[in-house]
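This report describes a single protein chain and the side-chain interactions found within it. The sequence and the coordinates come first, and the discussion follows.

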Amino acid sequence: MHSVVSSGDAGIVDDARATPAIIMSAAGAALGGLLFGFDTAVISGATNALQNQFALTEASLGFTVASALIGTVLGSLIAGAPADRYGRKAIMLSVAIAYVVSSLGTALAHDWYVLIAFRFLGGVAIGAASVVTPIYIAEVSPARFRGRLVAMNQLNIVLGILIAFLSNYVIAQVLPPETAWRWMFGIVAIPSAVFLVVTFFLPESPRWLAVRGHRERAVAAMTRLGFSDPDAELLRIEAADMREAVKGAPRLFQASHTLPVACAIAIAMFNQLSGINALLYYAPRIFELAGAGADSALLQSVAVGGTNLLFTALALFLIDRFGRKPLLFVGSIICAAALLLVGWQLERVAPDGTLILVGLLAFIAAFAVSQGAVIWVFISEVFPSSVRGKGQALGSTTHWVMAAIITWLFPVVASAVGGWVFAFFGAMMLLQFLWAWKVMPETNGVALEDMDLRGAAA
């Protein structure tokens with residue numbers, strides 16, 4: 001199977017360059033990804049203090065942690081339409097403001113209800129960021145470099161998680177528990193404020209401007225970004241918009257969008273059916289089940305986080321060179337083998353802790369270099385411009401709903417079936433391989449305006 005747009009077609013911008021202005025704009029927008037990871041993980045260091053501060057039961061503590069996750073579902077669900085109507089930059093500014101308000105509000109919360117409200121607001125910001133940041137980066141990037149530039153967002157998410165763990169550790173060493181938790185949340189305001197300032201200086205997406213009829217502003221934005229021929233690019237964008245207009249008012253759920261809709265849902269579901277969040281959230285418990293002591297389990301969890309960052313960085317150099325599908329092919333097979341190894345070891349009477357660590361690290365490495373990097377890139381580029389915001393929202397919402405389901409069900413299922421839960425995750429990765437082979441289109445190197453010309457070819 002192959003893409004109908006080859007390297008010789010008009011869909012490839014052969015002379016496009018990743019100019020310093022494009023790289024800086026992508027890096028600035030990717031700060032939203034860093035806050036995504038930072039704000040998601042920061043609560044991990046504050047759970048015991050929160051339980052003591054607000055006299056929380058296990059159930060209310062669980063809801064406290066989950067409140068941000070509930071917010072992410074809402075944020076991803078509602079961000080797409082405003083991003084299409086008001087622009088990518090306007091929504092990123094709103095996200096940055098929400099991050100600042102959430103971090104300060106959570107740090108200063110005087111009771112549990114206020115804490116929940118501001119954590120929920122932070123979750124809404126995370127969900128919205130997962131929609132608008134990849135779209136913005138995709139729309140300011142040349143086709144040849146789009147994969148690695150959008151994947152910068154995923155790298156920043158992983159980096160943000162590690163920074164959260166590090167800042168939590170440092171704060172816990174220098175402050176008493178009754179005040180440390182407030183600083184853990186409050187420190188997120190610093191990078192949030194930086195993101196807010198940076199976003200003010202970012203150009204609006206020229207593709208969004210063109211689709212909304214702001215021709216002069218679109219050309220000005222492309223000129224500022226260093227596009228080699230802004231006028232020709234504008235004609236390409238307008239031609240693609242006219243093709244969409246012939247189909248009627250832009251609606252996400254219509255026959256011509258069946259393939260991208262199905263693919264966005266599928267890749268988001270497979271991303272979570274790999275068990276990635278179950279592993280990241282419960283890694284210490286998994287290692288303890290394998291016989292590791294508590295301290296050793298935490299140290300092995302750090303190894304998991306470091307591996308995730310290293311191979312996410314590697315993906316930036318591979319995703320545009322080899323394409324989206326080849327990364328998923330290789331990643332799916334290695335993930336499946338590693339998960340089956342972990343499940344087999346956990347079902348043994350005397351599991352080998354070393355093999356379990358090897359299996360989990362191999363899974364993390366394969367995941368990071370394949371679907372961890374591909375998901376946000378693919379969803380941000382597979383939809384036509386007229387419904388890209390709604391399509392990204394659909395994929396992001398599917399991702400967050402599946403994340404909630406898998407994360408909440410994992411302890412229950414794992415206690416009932418043991419290591420067989422990893423066999424299920426492995427089977428899902430084999431199914432993902434078949435989907436990528438038979439259904440998924442290759443989007444590597446295809447100009448965003450020509451995505452609709454691919455038809456159903458893959």
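Which residues does Thr398 touch, not counting residues up to four places away in sequence? The model is predicted, and in it Thr398 touches Ile265, Ala268 and Met269. Thr398 belongs to helix H18, which covers residues 388-417. With a relative accessibility of 15%, Thr398 counts as buried, because the cut-off for that class is under 20%. A polar atom of the Thr398 side chain also lies 2.8 Å from the backbone oxygen of Leu394.

A second threonine, Thr199, is found in helix H8 (residues 189-200). Thr199 is buried, at a relative accessible area of 0%. Neighbours within four places in sequence aside, its contacts are with Lys89, Met92 and Leu93.

**Overall architecture**

The protein contains 19 helices and zero strands. Of its 458 residues, 57% are buried. Among contacts between residues at least 6 apart in sequence, 81% join residues at least 24 apart. The exposed area of the protein is about 18200 Å², and carbon and sulfur atoms supply 71% of it.

**Salt bridges**

Side chains of opposite charge can pair when their charged atoms come close. The count here comes to ten salt bridges. Three of the pairs are listed below with their N to O distances.

| Pair | N to O distance |
|---|---|
| Lys390 and Asp84 | 3.8 Å |
| Glu139 and Arg88 | 2.8 Å |
| Glu381 and Arg324 | 2.9 Å |

The salt bridge between Lys390 and Asp84 links distant parts of the chain, with Lys390 in helix H18 and Asp84 in helix H3, 306 residues apart. Lys390 is partly exposed at 30% relative accessibility, whereas Asp84 is buried at 7%.

Glu139 and Arg88 also form a salt bridge, and this pair joins distant parts of the chain: Glu139 is in helix H5 and Arg88 in helix H4 (residues 88-107), 51 residues apart. Glu139 is buried, with a relative accessibility of 1%, and Arg88 is likewise buried at 1%.

In the salt bridge between Glu381 and Arg324, the partners are 57 residues apart, with Glu381 in helix H17 (residues 371-382) and Arg324 in helix H15 (residues 324-347). Glu381 counts as buried at 0% relative accessibility, and Arg324 is buried with a relative accessible area of 0%.

Some of these residues take part in a wider arrangement: Asp84, Arg88, Glu139, Arg388 and Lys390 are linked in a network of salt bridges.

**Nonpolar surface patch**

Phe63, Ile70, Leu74, Leu77, Ile78, Phe120 and Trp408 make a nonpolar surface patch of about 640 Å². Helix H3 (residues 58-86) provides the largest share of this patch, five residues. Phe120 comes from helix H5 (residues 112-140). Phe120 is partly exposed, with a relative accessible area of 31%, so Phe120 exceeds the cut-off of over 30% that patch residues must meet.

**Cysteines**

A disulfide is a covalent bond between the sulfur atoms of two cysteines. The count for this protein comes to zero disulfides. Two cysteines can be placed by their accessibility: Cys263 is buried at a relative accessible area of 1%, and Cys335 is buried at 0%.

Definitions and conventions. Residues are numbered from 1 along each chain as its sequence is written. This is a predicted model: local features need pLDDT of at least 70, side-chain atom pairs count only at pLDDT 80 or more; totals for chains, interfaces and linings use all residues. Side-chain values use heavy atoms; hydrogens and water are left out. Helices (H or I, at least four residues) and strands (E, at least two) are DSSP runs, numbered from the N terminus. Buried means under 20% relative accessible area, exposed over 50%, partly exposed in between (1.4 Å probe, protein chains only). Contact means heavy atoms within 4.5 Å. Accessible areas come from the Shrake-Rupley method with a 1.4 Å probe; for residues, only the protein chains shown count as cover. Patches are made of residues with over 30% relative accessible area and no salt bridge: like charges are joined within 9 Å, nonpolar side chains (Val, Leu, Ile, Met, Phe, Trp, Tyr) within 5 Å. A salt bridge is a side-chain nitrogen of Lys or Arg within 4 Å of a carboxyl oxygen of Asp or Glu. A disulfide is a pair of cysteine sulfur atoms within 2.5 Å. A polar contact is a pair of N or O atoms within 3.5 Å; within protein, one must be able to donate a hydrogen and the other to accept it, and residues adjacent in sequence count only if both atoms are side-chain atoms.
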